[in-house]
Amino acid sequence: MGQQLLVPDGSQEGDLAARPVEYRHRVIGTSANGYPIESFIFGDGPLNVVVIGGIHGGYEWNSVLLAYRFLDYFGGRLATVPQGVQLHIIPAGNPDGVVAVTGTTGPFPPAAISGNTFAGRTNGRGVDLNRNWGCDWSAEAQWREEAVSAGDAPFSEPETRALRDYVSQDGVAVVIWLHSAAGLVIPGGCQDVLHPPSEAAAALYGEAAGYPVGDFTAYPINGDASNWLAQQDIASFTVELSDHQNVEMDRNLRGLLALLAEIGGFQR
């Protein structure tokens, strides 16, 4: 039975125009502060594609709004999900960080964002959730030139455990992580070991969306989610939006639709 979600259009102007969206809904876990981590599911079949926004919470709020824009699009165009495919969209992998910046766990207008958003990067325990996964995890982690908490151990945080269990299920073909703001598509690969399915999926998405595809080299990253998934032989890549303000819906929709059309080639 479908449910209804009112999704803002995510424009820079913050227009709250919305329409009903049909989906199946699951709460897959809760955050450190007790907020739900939600997945919205479109289509039906054995091949699963998972899109996750906002693992860096309100600091990368445009990645959350992009996920909500995907919800709006597919809710109005269910036929665009290929037969035999389920599309799972998790708008916020770090709801604590979203609430810290926007004041809400649900859709929000860009106009709600003001001031410094750095405090929204971590969960309620102050952990950078994209340093808390099992590939190359280190207690000493880095963000830019700063030291950040990677948690007490790999998967010490309720958010990473919930996401890990969800995306590790049989039938998950590709996992896409939405971030900002390097303007790049980054295939998963642990300890400099290439993962061909992740490379192929990233290349397909990047070409359709018009992003360059390559490694992130600005500073070392330990405990990355996409890299851990590649280590588990699950195709995964990160989409870095070009800045921290724009949703870049059109180009990312082209990338996602291109990937959905070819998803059978990435099944485990």
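Student: What makes both faces of E3 count as covered?

Tutor: On one side Leu47, Val49 and Val51 are buried, and on the other Asn48, Val50 and Ile52 are buried too. Buried means under 20% relative accessible area, exposed over 50%, partly exposed in between, with a 1.4 Å probe and protein chains only. Six of the six residues of E3 meet the buried label, so the strand is mostly covered. In a regular strand the side chains alternate between the two faces of the sheet.

Student: What are these values based on?

Tutor: This is a predicted model, where local features need pLDDT of at least 70 and side-chain atom pairs count only at pLDDT 80 or more, while totals for chains, interfaces and linings use all residues. Residues are numbered from 1 along each chain as its sequence is written, and side-chain values use heavy atoms, without hydrogens and water.

Student: How do you know that E3 and E4 pair?

Tutor: Two strands pair if DSSP finds at least two bridges between them. Strands themselves are DSSP runs (E, at least two residues; helices are H or I, at least four), numbered from the N terminus. E3 (residues 47-52) and E4 (residues 85-90) have six bridges, in the parallel sense. Therefore they count as a pair. Val49 has Leu87 as its bridge partner, and Val51 stands opposite Ile89.

Student: What makes E1 and E8 edge strands?

Tutor: Strand E1 (24-30) and strand E8 (184-187) each pair on one side only. They belong to an open sheet of seven strands, in the order E1-E2-E4-E3-E7-E9-E8, with mixed pairing.

Student: Why is the link of Cys135 and Cys190 called a disulfide?

Tutor: A disulfide is a pair of cysteine sulfur atoms within 2.5 Å. Here the sulfur atoms are 2.0 Å apart, so the pair qualifies. A search of the whole structure finds one disulfide. With 105° about the S-S bond, the link of Cys135 and Cys190 is right-handed.

Student: What does the pair tie together?

Tutor: Cys135 lies in the loop between helix H2 (95-102) and strand E5 (140-143), and Cys190 in the loop between E8 and helix H4 (196-209), so the pair joins parts that are 55 residues apart in sequence.

Student: Why does Cys190 count as buried?

Tutor: Its relative accessibility is 6%, so Cys190 falls under the 20% limit. Cys135 is buried as well, at 2%.
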